[in-house]
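Me: I'd like to learn how to read a fold from its model. Can you walk me through it, one feature at a time?

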Amino acid sequence: MKIPSLPARALTAARSAAKPSSATPSGPSPVQGASVLVTGGASGMGELYVRRAAAEGARSIAIWDVNLEAATALAAELSSERTTVRAFGVDVSSPEAIVSAAQETRAATGSPDILVNNAGIVRGSLFWEHDPARDIEATMRINTLAPMWITREFLPDMLADTAREKRILNVASAAGTLPNPRMSVYAASKWAVIGWSESLRLELGREGHSHIRVTTFCPSYVSTGMFDGARGPLLTPIMTPEAAVDAAWEGMLRGTPLVTKPWTVKLSMSLRGTLPTAAWDVVAGRVFQVYSSMDQFQGRAGR
Ligand SMILES: NC(=O)c1ccc[n+]([C@@H]2O[C@H](COP(=O)([O-])OP(=O)(O)OC[C@H]3O[C@@H](n4cnc5c(N)ncnc54)[C@H](O)[C@@H]3O)[C@@H](O)[C@H]2O)c1
């Protein structure tokens with residue numbers, strides 16, 4: 001019998017590992033009848049995750065956001081006989097606020113079967129212009145530590161309940177895959193999310209908790225207003241929030257480990273991993289013009 005070559009065996013193993021779980025778009029959706037929690041769910045892409053969950057038959061949805069007014073309005077609009085939607089005013093930069101909101105959420109909507117760690121902020125400035133607390137610490141707390149704290153809070157419930165498929169969608173960014181001037185702290189916060197989220201995925205798989213799938217999402221610029229003024233690099237037009245959320249949501253349903261959007265994110269990851277740094281800097285800076293993409297960044301006025 002001919003033994004397949006190592007690359008052929010590796011490919012077969014990778015194909016079978018990448019096979020969708022039983023609860024995917026071809027089977028029952030993990031959203032149907034699920035309890036869903038979306039952080040930063042009051043506006044931007046978070047709002048669209050909440051809307052998808054309601055449209056696809058979630059039993060309950062918890063919206064965690066600092067903007068309680070917008071979260072409450074969205075919950076009122078989407079609440080129905082089929083789906084209970086509850087708004088919680090939570091500042092996820094505070095571990096104490098997370099613990100207390102988790103208790104309220106368990107009582108009101110149940111521990112989440114689907115957790116979307118989406119809340120995030122950006123400060124688009126030179127590193128030495130960042131205020132240590134207001135900019136550096138806040139970015140790391142909201143973008144990096146909050147997803148860890150929130151997942152740590154609910155993971156024991158998810159591990160114990162094997163009766164349902166579970167999903168964790170961690171929203172990172174293309175900014176976590178390459179360096180970029182005027183987003184050093186934001187980039188650092190998202191690099192950390194990718195490392196943590198991908199490691200968590202592997203731990204769950206290796207320890208046999210196959211009912212929990214972790215997806216890490218790395219989109220390039222999206223037109224929510226968060227990155228107003230930034231320019232899309234070559235072949236990387238600024239995406240609509242709908243296109244970005246579609247990709248993340250479908251990937252989350254399938255249990256896809258890493259979702260990148262658009263295709264140039266994967267291309268830049270490969271080139272950066274292959275080329276010497278000096279050559280990559282020329283390609284990224286002069287050809288793709290990534291390094292000047294934040295030069296006119298304004299962000300959201302008033303934030
Ligand atoms: N917009 C982009 O170009 C882009 C690109 C890549 C990744 N992302 C990531 O996608 C996620 C969503 O981005 P978006 O563009 O929809 O942002 P957004 O600013 O439109 O919405 C963010 C939501 O999070 C909430 N929020 C902010 N700080 C919070 C806190 N401390 N506690 C609780 N809620 C808080 C806001 O009130 C808002 O509702 C973020 O993690 C962001 O880093 C965005």
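Reply: We'll go through the sheet, its central pairings, the helices, a few backbone oddities and the ligand shell. Keep in mind that this is a predicted model.

Me: Let's begin with the sheet. In what order do the seven strands run, and is the pairing parallel or antiparallel?

Reply: The general idea: strands of a sheet pair through backbone hydrogen bonds, either parallel or antiparallel. Here the sheet is open, with the order S3-S2-S1-S4-S5-S6-S7 and parallel pairing. Its edge strands are S3 (84–89) and S7, each of which pairs on one side only. From one strand to the next, the twist averages 15°.

Me: Which helices pack on the sheet, and what do they touch?

Reply: Two to look at are H3 and H5. Helix H3 (residues 68–78) touches S2 and S3, and its direction makes about 175° with that of S3. Helix H5 (residues 132–160) touches S1 (35–39), S4 (114–117), S5 and S6, and makes about 175° with the direction of S4.

Me: Now S6. Why is it described as largely enclosed by the rest of the structure?

Reply: The thing to count is neighbours: a residue is buried if 20 or more other C-beta atoms lie within 10 Å of its own. In S6 (residues 212–219), eight of the eight residues are buried, so the strand is largely enclosed by the rest of the structure. Check both faces: Ile212, Val214, Thr216 and Cys218 are buried on one side, and Arg213, Thr215, Phe217 and Pro219 on the other.

Me: How many bridges join S6 to S5, and how many to S7?

Reply: S5 (residues 166–171) pairs with S6 over six bridges, in the parallel sense. To fix the register, note that Val171 has Phe217 as its bridge partner, while Leu169 stands opposite Thr215. On the S7 side (residues 258–261), the pairing with S6 is parallel too, over four bridges. There, Cys218 has Thr260 as its bridge partner.

Me: And what handedness does the crossover from S6 to S7 have?

Reply: Follow the chain. From S6 it goes through helix H7 (residues 241–254) to S7, and that β-α-β crossover is left-handed.

Me: Next, the backbone. Where is the cis peptide bond?

Reply: Look at omega. The bond from Lys261 to Pro262 is cis, with omega near -5°. Pro262 sits in the loop between S7 and helix H8 (263–274).

Me: Which residue in the loop between S6 and H7 should I check for its phi?

Reply: Leu235 is the one in that loop. Its phi is positive, about 60°, although it is not a glycine. Leu235 counts as exposed because it has 11 other C-beta atoms within 10 Å. Gln289, in the segment after helix H9 (277–287), also isn't a glycine and has a positive phi, near 55°. With 15 C-beta neighbours inside 10 Å, Gln289 counts as partly exposed.

Me: Last, the ligand. How many residues surround it, and which are the closest?

Reply: The shell has 29 residues, and the closest are Gly40, Gly44, Gly120, Ser173 and Thr224. Then ask which elements contribute: helix H2 (44–55) and strand S2 (60–65) each supply at least two residues. H2 gives the most, with three residues.

Me: What is the make-up of that shell by class?

Reply: There are 15 nonpolar, twelve polar and two charged residues around the ligand.

Note on methods:
Residues numbered from 1 in each chain as written. Predicted model: local features only at pLDDT ≥ 70, side-chain atom pairs only at ≥ 80, totals over all residues. Buried ≥ 20, exposed ≤ 12 C-beta atoms within 10 Å, placed from the backbone. Pairing = 2+ DSSP bridges. Right-handed = clockwise from strand over helix to strand, strands pointing away. Near = placed C-beta within 6 Å. Nonpolar A, V, L, I, M, F, W, Y, C, P; charged D, E, K, R; others polar. Axes fitted to C-alpha atoms, helices over the stretch in contact; angles between N-to-C directions. Contact = placed C-beta atoms within 7 Å.
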